[in-house]
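Biologist: Please take one part of this structure and go through it closely with me, explaining each term as you reach it. I would like to see how the packing there connects with the rest of the chain.

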Amino acid sequence: MHELSKKFLSSQEAAARGDRDAEFELGLMYGLGLGVAQSYTESLKWYERAARRGCDRAQVNLGFMFGTGRGVPQDFVRAYAWYNVAAAGGNETARKNRDIVAEDMSKGQLEKAQILANELYESLSDDRDQPAEKLPEPEPDPVRDADRRED
């Protein structure tokens, strides 16, 4: 059996036991077609499972999928929300990507994204690494905010 196929099977077994890192691995393998036929639908499913259990890597990858429209309809509100959840857990890549996505969002979209981020964060599984708390508002940026269009 090919090494990637073995990795896929072991990740499936671990994910069935509730291992969020294995759920992330399955999302990655499906998204890239590693050891399994590529499927963005399956990738999204496994990333969402891992993300809701507090896996910041899955949260970042969901932000990427929604931000770029890779396998899903492009949705900056959802991208920002998932990046913000991961950033709240200390993921620096998520913080940077959240700020990049925010540059293309209206004030109304940002407000919706912040509400969604808080809802997502509060709904995370109890076995996540970080305690539940309200997400911080993004730092104000007078230059960026002055250019922001209204909804």
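Modeller: Helices α2 and α3 pack with their axes 7 Å apart and at an angle of about 160°, where each axis is a line fitted to C-alpha atoms, for helices over the stretch in contact, and the angle runs from 0 to 180 degrees between N-to-C directions. The two helices are therefore roughly antiparallel to each other, since angles over 145 degrees get that name, while those under 35 count as roughly parallel, 65 to 115 as roughly perpendicular and the rest as oblique. The crossing of α2 and α3 is left-handed, a word used if the near helix is turned anticlockwise from the far one by less than a right angle, with right-handed used if it is turned clockwise.

This is a predicted model, in which local features need pLDDT of at least 70 and side-chain atom pairs count only at pLDDT 80 or more, while totals for chains, interfaces and linings use all residues. Residues are numbered from 1 along each chain as its sequence is written, and side-chain values use heavy atoms, with hydrogens and water left out. A helix here is a DSSP run of H or I with at least four residues, a strand is a run of E with at least two, and both are numbered from the N terminus.

On the α2 side, the residues in contact (heavy atoms within 4.5 Å) are R20, E23, F24, L26, G27, L28, Y30 and G31, and on the α3 side they are Y40, E42, S43, W46, Y47, R49 and A50. Sorted by class, this contact has eight nonpolar, three polar and four charged residues; Ala, Val, Leu, Ile, Met, Phe, Trp, Tyr, Cys and Pro count as nonpolar, Asp, Glu, Lys and Arg as charged, and the others, Gly among them, as polar.

Some of these residues also take part in aromatic pairs, of which there are two; rings of Phe, Tyr and Trp (its six-membered ring) pair if their centres lie within 6.5 Å, and planes under 30 degrees apart count as stacked, over 60 as edge-to-face and the rest as tilted. The ring centres of F8 and Y30 are 5.5 Å apart and their planes stand at 85°, so this pair is edge-to-face. It links distant parts of the chain, 22 residues apart, with F8 in helix α1 (residues 3–16) and Y30 in helix α2 (residues 20–32). Both F8 and Y30 are buried, meaning under 20% relative accessible area with a 1.4 Å probe and protein chains only, whereas exposed means over 50% and partly exposed lies in between. F24 and Y47 make a tilted pair, with 5.7 Å from centre to centre and 40° between the planes. Because F24 lies in α2 and Y47 in α3 (residues 40–52), this pair ties together parts that are 23 residues apart in sequence. F24 and Y47 are buried as well.

Helix α2 can also be followed back towards α1 through S11, a residue of that helix. S11 is buried, with a relative accessible area of 3%, and, leaving aside residues up to four places away in sequence, it touches A22, E25, L26 and M29. The C-alpha atoms of S11 and L26 are 6.4 Å apart, although 15 residues separate the two in sequence.

In the other direction, α3 packs against helix α4 (residues 56–68) at an angle of about 140°, with the axes 8 Å apart, and that makes α3 oblique to α4. This crossing is left-handed. Here Y40, S43, L44, Y47, E48, A50 and A51 of α3 meet A58, Q59, N61, L62, M65 and F66 of α4, and by class the contact has nine nonpolar, three polar and one charged residues.

Between α3 and α4, the loop includes G54, which counts as buried at 5% relative accessibility. The C-alpha atoms of G54 and G89 are separated by 8.6 Å, with their positions 35 residues apart along the chain.

For the wider setting, the chain has eight helices and zero strands, and 42% of its 151 residues count as buried. Of the contacts in the chain with a separation of 6 or more, 51% are between residues 24 or more positions apart.
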